[in-house]
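Here is a brief report on one protein chain and its ligands. It goes from single elements to sheets, cores and ligand shells.

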Amino acid sequence: MLFSIEVNNKVITAQRGETILECLKRNGVFVPTLCHIEGYSPTGACRICVVEVEGRPDLVPSCSHPVEEWMKIKTHSPRVIRARRAIAEMLLSNHPDDCLYCGRNGNCELQNLAIDLNLREKRFSGSKNTLKNDYASVSIMREPSKCILCGRCVRLCETEQVVAAVDFIGRGNQMTIGTSYNHGLSSRNCHHCGQCILICPTGALSEQQHIAKVQEALHNPEKHLVAQFSPALSVGLNENLGIKAGKTADHIIVAALSKIGFSKVFDTGLATDLNILENASLLAKQIREGESMPMFTSCCPSWLHYAETFHPSILPCISPVLSPQQIMSVLIKKIYASEMRLRAEDIYTVGLMPCTAKKYEILRQEMLIDDLNMTDAVLTTRELARFIKLYGIDVNNIEPMLPHSPFHIRSTAAKLYGVSGGVTEAILRTVYFLLTGVELEPYKIGEVRSGSGPKFFTMEAGKYKVKTAVVSGMSQVQKLLKEIEAGKKNLNFIEVMACPGGCINGGGQKIGASDKDIKTRSKVLYEMDEKENIRVAHKNPIVHELYQKYFDAPLSNKAVEFLHRRRLEKKMEGNEQIL
Ligand code: SF4
Ligand code: SF4
Ligand code: FES
């Protein structure tokens with residue numbers, strides 16, 4: 001039901017059931033928030049969103065108060081601004097004030113609030129928070145001194161990622177955000193997704209940086225540096241570089257890193273095509289043999305960690321195929337090294353990924369071959385942008401370059417891996433070919449593209465039916481697993497991504513991106529798929545060459561040796577094992 005209210009002396013339309021904040025936002029009136037997360041129930045913790053309602057003795061938090069018919073609201077009265085300034089000043093009173101050295105400088109909600117409220121001097125100096133930084137995780141770094149106790153990370157980790165790896169500890173002015181037994185953010189329950197970094201309004205959460213170690217390798221004359229970049233990083237990079245979004249940055253990445261001193265820059269897509277071939281062959285085999293157990297994807301390391309920790313019984317159903325990042329690193333250190341007559345230990349491989357969990361993946365025990373890390377470092381999209389700026393590359397005046405040979409051709413199916421549903425679409429295109437001997441027509445599978453909820457799609461391939469599901473965000477995964485365990489869902493293939501929407505919304509992407517920005521990233525990938533010629537992995541000529549020369553055929557002994565994981569069952573006990 002619609003009704004009118006008065007806001008700042010103007011009549012606007014309100015809807016029954018919405019909060020004051022929702023109504024204001026819909027009508028283009030901005031009110032600052034800190035603890036609020038869109039789509040979550042309000043907690044009213046920070047009070048920065050207060051407004052004045054005529055007839056009410058106290059200011060009311062707009063994020064948690066329902067809009068009512070008689071309301072006359074002032075959003076920026078002198079009393080409201082005074083209250084907001086006082087709250088912000090209190091939050092800043094025990095802040096470390098090291099903004100110049102903070103990774104969020106220039107993109108911090110607390111800093112922006114101070115600017116918007118015209119706070120020009122520090123009137124209150126509270127006792128500083130002396131909690132130590134938490135470096136226990138291989139992917140996420142916590143700086144509790146910058147935490148404003150908004151609780152966003154706590155709610156997101158519990159609701160969306162369903163693991164509650166962080167929580168409020170203590171009471172009153174002793175309250176902090178901590179981890180179980182204060183052991184630091186460990187591999188025991190945190191699955192490294194980095195979604196908490198994206199939601200944190202300050203610099204209290206960030207990725208474990210690999211920039212310094214990449215620099216060290218770059219300046220070591222004995223190292224031969226090779227980078228690979230993923231599709232979701234490529235469509236998210238421009239936003240971080242301050243250039244027009246809505247385009248892939250593939251050619252800028254190759255040109256920039258070549259200038260910086262990398263010997264080769266490969267598109268991870270070629271390795272993705274191998275991943276597609278192996279997974280599709282496995283799935284087609286399971287379908288032909290009437291296998292009753294579903295096959296889960298394995299390219300998301302956060303999902304693997306979650307399954308190992310909370311659902312070990314399904315591990316045998318998870319595809320054994322290595323992730324695209326790891327396949328590319330194996331290609332580099334095993335095949336490229338021998339073709340270039342280089343020693344694998346002299347090659348330094350850097351994954352350019354939209355994902356914080358990839359920093360964890362490269363250290364998993366089964367990713368070591370002959371005691372050698374296949375990937376040496378991972379730079380997230382945010383880190384790559386910083387790295388490019390560090391070396392003074394002017395991305396607006398750079399001659400774009402194509403990815404280097406010998407791993408320079410990839411299908412557009414490989415690019416679809418960047419978006420939720422894309423792995424399913426890419427693998428089904430090849431499964432269809434394997435089951436029927438003809439190409440899927442049309443290639444596009446719209447059913448797995450739209451919407452944010454779980455997606456279900458059954459593909460008819462000749463006499464076979466392939467039943468698939470696509471889930472992203474661990475809360476969707478948890479629900480689906482319960483349904484499967486209860487026998488309510490009978491599926492052949494399940495694509496799982498820990499980050500809602502897939503890697504385009506990975507924990508290493510730009511902080512503060514809007515839903516529109518994220519949609520733009522997927523649009524770019526889908527447009528590439530429409531425009532280019534090689535749209536299926538099995539038509540990639542380099543993939544055929546690699547099988548001929550090195551791996552025989554999909555699922556052959558050699559393919560399993562190089563392209564599949566070694567010890568999936570071996571679960572790490574904690575960070576100490578991988579540090
Ligand atoms: S990285 Fe993911 S699982 Fe770990 S604390 Fe953050 S949101 Fe939770
Ligand atoms: S770590 Fe960040 S998101 Fe979590 S409570 Fe502190 S300020 Fe909020
Ligand atoms: S945003 Fe409303 S109370 Fe924090």
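Gly-261 follows helix α8 and has a positive phi, near 130°. This is a predicted model. Helix α8 itself spans residues 250-260. Its buried residues are Asp-250, Ile-252, Ile-253, Val-254, Ala-256 and Leu-257. They pack against three strands and two helices by name: β10 (224-229), β11 (264-267) and β13 (347-353), with α7 (231-241) and α13 (381-390).

**Strand β10**

β10 is one of the elements that α8 packs against. How many of its residues are buried? The count is 6 of the 6, so β10 is largely enclosed by the rest of the structure. Both faces are covered. His-224, Val-226 and Gln-228 are buried on one side, and Leu-225, Ala-227 and Phe-229 on the other.

β10 pairs with β13 through 6 bridges, and the two run parallel. Within that pairing, Gln-228 stands opposite Gly-351. β10 also pairs with β11, again in the parallel sense, over 4 bridges. There, Val-226 has Lys-264 as its bridge partner.

**Two open sheets**

One open sheet has 5 strands in the order β2-β1-β5-β3-β4, with mixed pairing. Its edges are β2 (10-15) and β4 (60-61). Each has a single partner strand, so one side of each is left without a neighbour in the sheet. Strand β3 (residues 50-53) is joined to β4 by 2 bridges, and the two run antiparallel. Val-50 stands opposite Pro-61 in β4.

Another open sheet has 4 strands, ordered β12-β19-β18-β17, also with mixed pairing. Its edge strands, β12 (295-296) and β17 (455-461), each pair on one side only. β12 runs parallel to β19 (residues 493-497), and 2 bridges join them. Phe-296 faces Ile-494 of β19 in this pairing.

**Nonpolar cores**

The largest nonpolar core has 109 residues. Those with the most contacts inside it are Ala-227, Ile-253, Leu-283, Leu-352, Ala-426 and Val-431. Helix α9 (residues 269-288) gives the largest share of this core, 10 residues. Apart from it lies another core, of 48 residues. Ala-14, Leu-21, Leu-34 and Cys-150 are among its members.

Several of the names in the largest core recur elsewhere. Ala-227 is a buried residue of β10. Ile-253 is a buried residue of α8. Ala-426 touches Ile-276, Ala-413, Ala-414, Leu-416, Tyr-417 and Ala-537, leaving aside residues up to four places away in sequence.

**Two single residues**

Is Ile-362 buried or exposed? It has 25 C-beta neighbours inside 10 Å, so Ile-362 counts as buried. Ile-362 lies in the loop between α12 (357-361) and β14 (368-369). Beyond residues up to four places away in sequence, Ile-362 touches Met-367, Asn-373, Thr-375 and Val-378. Gly-351 is 11 residues away along the chain, and the two C-alpha atoms are separated by 9.3 Å. Gly-351 is the β13 residue that stands opposite Gln-228.

Asp-515 belongs to helix α17 (residues 515-531). With 11 C-beta neighbours inside 10 Å, Asp-515 counts as exposed. Asn-505 is 10 residues from Asp-515 in sequence, with a C-alpha to C-alpha distance of 9.4 Å.

**Ligand shells**

Which residues come nearest to ligand 1? They are Cys-157, Ala-165, Cys-190, Cys-193 and Cys-196, from 14 residues around the ligand. α4 (152-159) and α5 (195-199) each supply at least two residues of this shell. Around ligand 2 there are also 14 residues. Cys-147, Cys-150, Cys-153, Cys-200 and Ala-204 come nearest. Cys-150 is also a member of the 48-residue core. The table gives both shells by class.

| Shell | Nonpolar | Polar | Charged |
|---|---|---|---|
| Ligand 1 | 9 residues | 5 residues | no residues |
| Ligand 2 | 11 residues | 2 residues | 1 residue |

**Domains**

The chain is divided into domain 1 (2-91), domain 2 (129-208) and domain 3 (212-563). Taken over C-alpha atoms, the centres of domain 1 and domain 3 are 43 Å apart.

Methods: Residues are numbered from 1 along each chain as its sequence is written. Chains are lettered from A and ligands numbered from 1 in the order in which they are written. This is a predicted model: local features need pLDDT of at least 70, side-chain atom pairs count only at pLDDT 80 or more; totals for chains, interfaces and linings use all residues. A nonpolar core is a set of buried Ala, Val, Leu, Ile, Met, Phe, Trp, Tyr and Cys residues joined through C-beta atoms within 7 Å. A residue is buried if 20 or more other C-beta atoms lie within 10 Å of its own, exposed if 12 or fewer, and partly exposed in between; C-beta atoms are placed from the backbone. Two residues are in contact if their C-beta atoms, placed from the backbone, lie within 7 Å. Domain bounds come from an automatic or database domain assignment. A residue is near a molecule or strand if its C-beta atom, placed from the backbone, lies within 6 Å of it. Ala, Val, Leu, Ile, Met, Phe, Trp, Tyr, Cys and Pro count as nonpolar, Asp, Glu, Lys and Arg as charged, and the others, Gly among them, as polar. Two strands pair if DSSP finds at least two bridges between them.
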